[in-house]
Amino acid sequence: MVVHNLPWSMTWQGLKDLFSEAGNVSRADVMTDDHNRSKGYGTVLFSTKEEAEAAIEMFNETDVRSSQLLLSFA
């Protein structure tokens, strides 16, 4: 799953912790530039498709640290 519009301060650990509310997160990454600054999006991999669907239901278009998250399947 791809998560767009992440807060600039979001780390991979923060992303994993947030989305673990929806299910078992296998991996979470925040994309960064050459200077290790967030590009404002990341990916979250769940153990099952159902968990990913639950995450989209729970978090799509919700506000996290003043940023409205936009989620989609990769």
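This passage walks through the two helices, the nonpolar core and the salt bridges of a predicted model.

Let's start with helix α1, which spans residues 12-19. Its buried residues are L15, L18 and F19. Looking down the axis of α1, these buried residues sit within an arc of 85 degrees, so they line one face of the helix. That face has plenty of company: the buried residues of α1 pack against β1 (2-4), β2, β3, α2, β4 (63-64) and β6.

Helix α2, residues 49-59, can be read in much the same way. Here E51, A52, A55 and F59 are buried. Viewed down the axis of α2, they fall within an arc of 100 degrees, so the buried residues of this helix line one face too. Flip to the other side of α2 and the picture changes, with K49, E50 and E57 exposed. The buried residues of α2 pack against α1, β3 (38-46) and β6 (70-72). Just past the end of α2, E61 takes a positive phi of about 65 degrees.

Next comes the core. In soluble globular proteins, nonpolar side chains tend to be buried together. In this model, the largest nonpolar core has 19 residues, and the ones that touch the most other members are L15, F19, V44, F46 and L69. Two or more residues of this core come from each of α1, β2 (25-32), β3 and α2. F19 makes a handy example of how the pieces come together. Setting aside neighbours within four places in sequence, F19 is in contact with M1, V3, V25, V44, F46, A55, F59, L69 and L71. Two of those partners, A55 and F59, are among the buried residues of α2, while F19 itself is one of the buried residues of α1.

Not every buried residue is nonpolar, though, and E51 deserves a closer look. E51 lies in helix α2 and is buried, yet it has no salt bridge. The nearest side chain of opposite charge belongs to K16, 12 Å away. That distance is beyond the 4 Å cut-off for a salt bridge, so K16 does not count as a partner. What does E51 have around it instead? Not counting residues up to four places away in sequence, E51 touches A22, G23, N24 and F46. There is also a polar atom of the E51 side chain that lies 3.2 Å from the backbone nitrogen of S47.

How many salt bridges does the structure hold? The count is 3. One of them joins the side chains of R27 and D29, with N and O 2.7 Å apart. D29 is partly exposed, at a relative accessible area of 23%. Another links R37 with D33, where the closest N and O atoms are 3.2 Å apart. D33 is partly exposed as well, with a relative accessible area of 25%. There is also a salt bridge between K49 and E53, whose closest N and O atoms are 3.9 Å apart. Both K49 and E53 belong to helix α2, and they are 4 residues apart, about one turn of the helix. At 54% relative accessibility K49 counts as exposed, because the cut-off for that label is over 50%. E53, with a relative accessible area of 37%, is partly exposed.

Conventions:
Residues are numbered from 1 along each chain as its sequence is written. This is a predicted model: local features need pLDDT of at least 70, side-chain atom pairs count only at pLDDT 80 or more; totals for chains, interfaces and linings use all residues. Side-chain values use heavy atoms; hydrogens and water are left out. Buried means under 20% relative accessible area, exposed over 50%, partly exposed in between (1.4 Å probe, protein chains only). The arc is that of the directions from the helix axis to the C-beta atoms. Contact means heavy atoms within 4.5 Å. A nonpolar core is a set of buried Ala, Val, Leu, Ile, Met, Phe, Trp, Tyr and Cys residues joined through side-chain atoms within 4.5 Å. Lys and Arg count as positive and Asp and Glu as negative; His and the chain ends are not counted. A polar contact is a pair of N or O atoms within 3.5 Å; within protein, one must be able to donate a hydrogen and the other to accept it, and residues adjacent in sequence count only if both atoms are side-chain atoms.
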